[in-house]
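Work through the following exercises with the structure in view. Each task is followed by a solution in steps.

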Amino acid sequence: MTGSWDSVWRQADIATMAATGEDGFGAIHNGAIAIKNGRIAWIGPAAELPKDGIGPHTAMHDLNGGWITPGLIDCHTHLVYGGNRAHEFELRLNGASYEEIARAGGGIRSTVTATRAASEDELIRQGEKRLRALLAEGVTTIEIKSGYGLDLDNELKCLRVARRLGEQHPVRVRTTLLAAHALPPEYAADADGYIDLVCDRIIPAAAQAGLADAVDAFCEGIGFTPEQTRRVFEAARRHNLPVKLHAEQLSNLGGAALAAAFGALSADHLEYLDEAGVQAMAKAGTVAVLLPGAFYMLRETQLPPIDLLRRHGVAMAVSTDCNPGTSPVTSLLLMLSMACTLFRLTPAEALAGMTRQAARALGLQGEAGTLEVGKTADFVVWDIDRPAALAYQVGLNPMRQVVFAGRPLPR
């Protein structure tokens, strides 16, 4: 050991979410975590805490009960956008389908209009409100997609806003370029022409500017075909960017298998995923990101194939899908509960879905998602008596303290 630790957190139970064991949480009862230079230097039972790591300047935090989990990870969001779509929510309640609204010029296109009209500072102001709600529930890592600009300048604008949010707030932000989200009005009759723009100009520009950590697309009947999606993935590969995919949300176009063929980090939604797609994801190690908020808001009845995903050993992540149309959700804890009640995940599976598996969906499994020596010291202290309480309680936030990169954050 080189020098003393910066801080020690003890007198709480710890759900490491690493070696899950019989309980599924990797529990250490009456545990302790030691931090040095923003990373976990030691973790284990408090009775085994080495005394030589405690120096005169080590900050000792005695928690007197509760549980510690890894910082939560929201691995699929569309957090940066202008305006809202409450009117479309009313239309859906009056019988209009998501597809009908989209084909009539609503849906994503209406948000594109508002987003293009907004300045970067205005998008920051709107995005901060949503981000702060997530941070208040223990989120320490978040993915933010573009996809509401749908031209070169505005896609890059949205990615810059996402980066600025990460610079201005205590959260790790991963950005994803989702230019292939929908057809902009100027390409309404020329989907292939728009994909040319995405592949030839938008992806190269985002890569050159260092604004994108990954590339995503919406492979669906009201989005882009598998062949168009393939072209987007090929362009991403040319610029050394990993891929993700909105797949099998409204129909089965084989998008998940296509994503797996490109070694995608994740395939997301997946209500209409079949066993061939599950097998392809299992072989590639592609994470299934489940989005119960969109399932709920769209009043979907087709469940993702949870048993197939379990049977084939596909990792399942859980996220808010925070967006203005189909999942205006800023509570990851609510998604934890819905993943259990709607999708029948166990509390351990659901919590792993927004820690360990969510980190994998972002390519951050070596940095975050579990509490292990060497990883960044991102964790949350909760006033609960068991981890399952996080999924059981709805509307009550039991978060006591967030530690981000070793620093306790003000509550």
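**Exercise 1.** Find how the side chains of Arg-132 and Glu-128 meet, and state how far apart the two residues are in helix 4.

Solution. Step 1: Arg-132 and Glu-128 form a salt bridge with an N to O distance of 3.9 Å. A salt bridge is a side-chain nitrogen of Lys or Arg within 4 Å of a carboxyl oxygen of Asp or Glu. Step 2: the two residues are four places apart in helix 4, so about one helical turn separates them. Helices (H or I, at least four residues) and strands (E, at least two) are DSSP runs, numbered from the N terminus. Step 3: Arg-132 is partly exposed at 46% relative accessibility, while Glu-128 is buried at 15%. Buried means under 20% relative accessible area, exposed over 50%, and partly exposed in between (1.4 Å probe, protein chains only).

The model is predicted, so local features need pLDDT of at least 70 and side-chain atom pairs count only at pLDDT 80 or more, while totals for chains, interfaces and linings use all residues. Residues are numbered from 1 along each chain as its sequence is written, and side-chain values use heavy atoms, with hydrogens and water left out.

**Exercise 2.** State which elements are linked by the salt bridge of Arg-160 and Glu-120.

Solution. Step 1: the side chains of Arg-160 and Glu-120 meet in a salt bridge of 2.7 Å, N to O. Step 2: Arg-160 is in helix 5 and Glu-120 in helix 4 (residues 120-135), so the pair, 40 residues apart, links distant parts of the chain. Step 3: Arg-160 is partly exposed, with a relative accessible area of 34%.

**Exercise 3.** Place Arg-116 and its partner Asp-151 in the chain, and say whether each is buried or partly exposed.

Solution. Step 1: the structure holds 21 salt bridges. One of them joins Arg-116 to Asp-151, with the closest N and O atoms 3.7 Å apart. Step 2: Arg-116 belongs to helix 3 (residues 108-117), and Asp-151 to the loop between strand 7 (139-145) and helix 5 (152-168); they are 35 residues apart. Step 3: Arg-116 is partly exposed, with a relative accessible area of 25%, whereas Asp-151 counts as buried at 19%.

**Exercise 4.** Describe the surroundings of Glu-300.

Solution. Step 1: Glu-300 is in the loop between helix 10 (292-297) and helix 11 (306-311). Step 2: Glu-300 is buried and has no salt bridge; Arg-299, the nearest side chain of opposite charge, is 11 Å away. For charge, Lys and Arg count as positive and Asp and Glu as negative; His and the chain ends are not counted. Step 3: a polar atom of the Glu-300 side chain lies 3.0 Å from the backbone nitrogen of Gln-302. Step 4: not counting residues up to four places away in sequence, Glu-300 touches Gln-249, Glu-271, Tyr-272 and Phe-295. Contact means heavy atoms within 4.5 Å.

**Exercise 5.** Give the volume of the largest pocket and name the residues closest to its centre.

Solution. Step 1: the largest pocket holds about 290 Å³ of space. Step 2: it is lined by 15 residues, and those closest to its centre are Arg-92, Met-297, Leu-298, Arg-299 and Glu-300. Step 3: helix 1 (86-93), helix 2 (98-103) and helix 10 each give two or more residues to the lining. The largest share, three residues, comes from helix 1.

On a 1 Å grid over the protein atoms alone, a pocket is an open set of points with protein on both sides within 12 Å along at least five of seven lines, and a cavity is a set where a 1.4 Å probe fits but cannot get out; lining residues have an atom within 4 Å of a point. Grid points are joined across faces, edges and corners, and a volume is the space filled by probe spheres set on the points.

**Exercise 6.** State how many cavities of 30 Å³ or more the structure has, and describe the largest cavity.

Solution. Step 1: a search of the whole structure finds two. Step 2: the largest cavity has a volume of about 120 Å³. Step 3: 13 residues line the largest cavity, and His-78, Tyr-98, His-181, Asn-323 and Thr-326 lie nearest its centre.

Key
A polar contact is a pair of N or O atoms within 3.5 Å; within protein, one must be able to donate a hydrogen and the other to accept it, and residues adjacent in sequence count only if both atoms are side-chain atoms.
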